Structure formats: C-alpha cells, structure tokens
Amino acid sequence: MLICCAQKLCGTNYPVSIAFIVVNEFCERFSYYGMKAVLTLYFIHYLNWDKDLSTAVYHAFSSLCYFTPLLGALIADSWLGKFKTIIYLSIVYVIGHVVKSVGAIPDVGDSTLHIALSMVGLVLIAFGTGGIKPCVAAFGGDQFDEENTEERTKFFSIFYMSINAGSVLSTIVTPILRGDVKCFGGDCYALAFGVPAALMVIALVVFISGSGLYKKSPPEGNVLVRVCKCIGFAIQNRWRNSKKSPKKSHWLDWAEEKYPKRLIQEIKMVFRVLVLYIPLPMFWALFDQQGSRWTLQATRMNMDFGGGFILKPDQMQMLNALLILVFIPIFDMGIYPLIGLCRIKLTPLRKMAVGMILAAIAFCAATVVEINVIKTVVEPSPAKESLVQVYNLMDSDVTVQFPGHTVFSDPLKPNEDPSGYTSLPLTGESQLYTVTVIHNGAESQCELTFTERTAYSLFLHTAQSGDIVCKLVNDHITKSETGAAYLRFINTHTENINITVGTDEFYAAANYGISQNISVPRGEYNGVVCETNSNQYHIDLGLLDFGAFYTVILSKKSEGLTTIKMEDIQANNIHITWQIPQYVFLTAGEVMFSITGLEFSYSQAPASMKSVLQAGWLMTVAFGNVIVLIVAEGAGMEQWAEFLLFAGLLVAVSIIFSIMAYFYTYVDPDQLDKTFREDTDDEKVKSSDSKKKETVSLTDMPKQTKM
C-alpha cells in the first residue's frame, strides 16, 4: 500500500500525485483499447457494414484520434491549462462512450439511429482521447522538481507500462464480454462498450481525487501557434519584398523583422526533422491494421488451443502489447549491445529504417497466411457466372451433364461430400440450362435457371414414382466472421422433423425437405434432439468446426434416425498461431521505429520546440490511417494482394527514408543555447563598453553657459 510522507511516496522522491495520474492513464487506455478491440466486428455484425467500409471507418476514427491532439495542446497551452483541459475533455470522452454504448442496444431505435449514435459517440471519443493525449504525460512530468530528473525518467517508463497494461487487459476482457455474454439475443456489444465507459468514469474520478496534490502550471501560450505565425509572416514578407530586397540565405530569415533570431533558428532545426517525417505515415498505415484487416483475417482461422480454451479473433491484438513489454528490455539490454560489439554503428535513423523493413516483413508474413486462409473460402462468382455443386442422394452413381460444358465430367457417388463449387458460365444475367442426369443407364432431364453472382446446390434424389427429382437451392457461402459454423438438414423421412441444435431451431419438411441454413456456435453437438409427430430421436453431429458449412441428411432406418454429415465448405484449417510471426516482426519494428523515433525527435529539437515535434509525430500516425482509408475504399484488391502492396510500398518508402537519413547531419540543441548565450554575453559586453565611452565623452564635453 502506498503511504504519503510530506507529499512524497515514503522512501522515494516521487510525488504522491503521480499515483493518481498513472491509475488514470491505465483506466483511460483500458477504456480506449477495449472499445477499439471490438470496433471492426461491431461494424460488420451489428451495423451490417461490409469489410471495406468497416475498415475505412475504423481507420477514419483512428486518424481523428491523432489529429485532435493539436486541439488539446492548443486549449491547454493557450487557454485552460493542462489540468482543466484533462478534466473537461475527459467529460466529453465519457459522454462519447455512453452515447456509443446506447447505440449498441438493439431496442433503442432503428438501424439509422444506431449508426447515428455510433458515429456521434466515436467523434466525441476521438476528441476526448486525442485532446487529453498531449496533456496527461506532460502533466505527470510537471509534478517533479527540477532536481528529480532520474525519477521523472523512470516515471515515463512506468507511464508507458501502464498504457500497455491497460491495452493487454482490455483486449482480453472486452472480446469476452462481447462474445461470451449474450444480451438482446446475440453478442453483447452494449456491455463490451459499457465496461470501457465505466473505466473512463473511474479514470476521471481518480484524476479529480488527486486535485489537491497536483502542481498546476498556468497556461503559458502555445508555442505551436507562435511557430505558425512566424512561418506565416516569413512567407508573407518574402512574397511582398522578394523583388525589392536582397535575397536571404533561408526563406525563414524573412521573419527577422518581427521575430527573434533564436526562434527562427529553432524553427529551422525543427523543419529539418519534420522533412524526415514525410515518409513515416506509411509505417503507421501498416501498424494500425492490427485492429482491422488482421482481426478480420483471424476470424477465418482456427482459434482452438485445446482444453476448452478458444481465443477470440479480436483478442489476438493483445499480443502486440505483450510483446512490447518483452521486447523493450531485450532490445535495450541484449540486441543493441550485441550489435555494438560487432562494431556496427546503429544510429537512431538506421534503427527506424530497420523498423520499417521489419514491418514490411510482417506484412509479407501476413500475405503468406492470407493465401493459405483463403483456400477454405469460396469466392463469389463474377458477372455472367454462377457457382454450383451437386449432391447425389440416390442409391448409385449418377452423371450430370450441362449442355456445352464439362463442369461435371466424372460420375458422382451416392451420399458423398460434394467436390466443391464449380463455376458455370452464363450468356447473360441469367440462363436456363437443360441438365441431363444419367442414373443406372436411364437419362432424365431437368430445366434449371441460374443467375449470375449466385451459388447453388443441386440435390438429386428419386421420387416415390421412381422419377429423378432435381432440386436447386440458393446457397449462402460467406463464412461467419465470428468463426461460427453453418448447418442445414435434408429430411428423407416421411414425417416432418424439428431439430434443436443448442439454442437454434431447425425445421425440415418430410420427403426431402431442406431446412434453413443457420449459423451455430462452433463446438461438439452430441445428443441433438429430433422430434417428429410420432417419436423423438437423439443424434450426434460431432464437431461443427470454425467457419465450416455442413449439410446433414436425416434418414429413417429400423434402428432409428441415421445421419450422414457432409462438409460443403471446408472448416478454417489454418491455426491462429500462424499469426504470431507477423505480430513478432511488427512489434520488433515498432520498438525500433516508434520508440527510437520519439527519442530522435526529442534529441534533435530545442527544449521550447519539443511539443511542436510531438504534434508532428502524432500527425504521421493520423496520415498513416488516412492512407489505409484510401486504399481500403479505392483499391478493390484481394486481401493478400493488398497486404503485399502495403509491404512493397513500405520497402520503397524505407529506401527513400534511408537516403534522406544518409544526408542528415545530427545536431546538438544544447549548442544552440551555448551559441545564443555567448552572443548575449557579447552584446552585454559591447553595451557595457558603449556606456563607458558615452560616460567619458560626456565628462570631456565643455559646460554650456546660459545665454
């Protein structure tokens, strides 16, 4: 338990106030990452958006979260101060969470209202989380005395750990609240958003509780505004006087008429770093896809770890935060010193370039995984084509012939799993086919109409009269994003059957009636109850696996009801552990790129300009998400090709960045202080000498007499 001793944590030089700040940050990060973890699946399953729109909105929200820190910094430095800014924008943050949670309640209004509430909630959350982002860490640093620099450094490490701890815990908990807790007849998104809202309330209460212990610095004016005004004046002055006045060595020197030379020199230093920032958004374009494209990839993978433990697709994101906690000490105490022993000079910019390459490798790994994942996915047919598969429910082999095509050249064995969907070309939007079925040497013809972009199952069975019956059924082929299996029944019994599978009810009419195709949670289904008007039966369906589509044929035999389970579409057979390499490479890239980038930015910026570079750094994240938004909506590529495109773009960008870094000269901002201090001292000496000469000259002047 923490004990207060004269406003310090006993035995340390840490102010008690930082405990409130660290707890506040943990709760806020839990709130943010917990909500964001389930956001993509919420768009797809609750708002019924497609993958591309869901990805675009997800990254638009992420981008807004990194544009709004500029607004938060402006409010804090120019108007309210850090403390009040955190309080007021946290209230906006809480309201956003509440609105978002209400929008996730199905009983509240219609789908239009749900979308409106969701978007309003996300905008408020973006302003809340983005607005307090530049304030909380800086406010924590303000709590330390100048002589406690070591404690301040350790505080930022603790602060960073609290961020990752909140991220890890929330990405584990909120997907469980979403998937394992059922409310309103489905996944409980209202609870998954409600708990983060409650954590944000706790964060606000904890922060306010420490009010009497904080050092609260008054607003000192926003240096970013001053920088922008200086740049604007330089551009304006150059435009007005470029033809009249002699040329300047640098375009910013045109601001010397109004602004001090030191400020102009500091802005020049910042600009040199900001130019290096230009290629950086591409890294974030890849990094932030963990919560969108990579989560969607996970939904089509096998998530069973045995022993009853099944990972949820949106929980995989926790691996990044866990690996960060592991990799930071490994890189700092192991990898970097070993590289140094090999006499390889690993400068900050070289580290960042390597980090970009590692992120590109991560997307190459994601491409390999995606290529294997889609092998179990049935792609929809394009225009002027449809998909068809055939079930032979008769007692011997049949041959199916489509006029002009050899789509089914081999005989089909009875009650055998279909060989998969086959593409059937059409002459237009739809086409009537006269299909010939050959059974036991006898031919029968069926006239069937096929429509483009549609998948069909053709069931062949014998009627009581002995004739061959062709039954064409529209199929649903899109795999469940939650990993559920799809199931339907064909009832060859002479009585209607009601089947209960878990909590789902199926009805199959007598004499080859086909039930609805319904998704059921993945799992073992033994002792499934089947009821007819005259009897009750129990059947074992076995494992209904992730993402598989099953057709179960029910037949009445003397011993009871028998089943034949066919797998129409393969289960997700690529295990989710195959995503681990891409997370390892991406996190290693983050350690070398992100942490090093912040360190480099701070080391190359004058003390008064660090906040300007912080704003510039956050803007690279925002623009990175804009890149994903554009590609997701405009590229129209297959997912594996999109991953490869991003990897290729990042490699190209890393080469450009490496060339820029090669010509960059590292500077020491302290040298700037020394230079200007010497100039100031020289001016003082000159001023002093001038005053002495002036005194001598006045003494030597003759006295004036009255006229």
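A crossing of two helices is called right-handed if the near helix is turned clockwise from the far one by less than a right angle. In this predicted model, helix H4 passes helix H5 in just such a right-handed crossing. Gly72, Ile75, Ala76 and Leu80 make the contact on the H4 side, and they meet Lys82, Lys84, Thr85, Tyr88 and Leu89 of H5. Sorted by class, that contact of H4 with H5 comes out at five nonpolar, two polar and two charged residues. As for the geometry, H4 spans residues 69-80 and H5 spans residues 82-103, and the two pack at an angle of about 130° with their axes 8 Å apart. H4 and H5 are therefore oblique to each other.

Further along the chain, there is a pair of strands to look at. Strand E6 (residues 398-401) runs antiparallel to strand E8 (residues 430-439), and four bridges join them. E6 has two faces: Val398 and Val400 sit on the covered one, while Thr399 and Gln401 sit on the uncovered one. Across from Val398, in E8, stands His439.

His439 deserves a closer look. With a relative accessibility of 10%, His439 counts as buried, because the cut-off for that label is under 20%. Setting aside its neighbours within four places in sequence, His439 is in contact with Met394, Asp395, Ser396, Asp397, Val398 and Ile468. One of these partners, Ile468, lies 29 residues away from His439 along the chain, and the C-alpha atoms of the two are separated by 8.5 Å.

Technical notes
Residues numbered from 1 in each chain as written. Predicted model: local features only at pLDDT ≥ 70, side-chain atom pairs only at ≥ 80, totals over all residues. Heavy atoms only, no water. Buried < 20%, exposed > 50% of the residue type's maximum accessible area, 1.4 Å probe, protein only. Pairing = 2+ DSSP bridges. Axes fitted to C-alpha atoms, helices over the stretch in contact; angles between N-to-C directions. Parallel < 35°, antiparallel > 145°, perpendicular 65-115°, else oblique. Contact = heavy atoms within 4.5 Å. Nonpolar A, V, L, I, M, F, W, Y, C, P; charged D, E, K, R; others polar.
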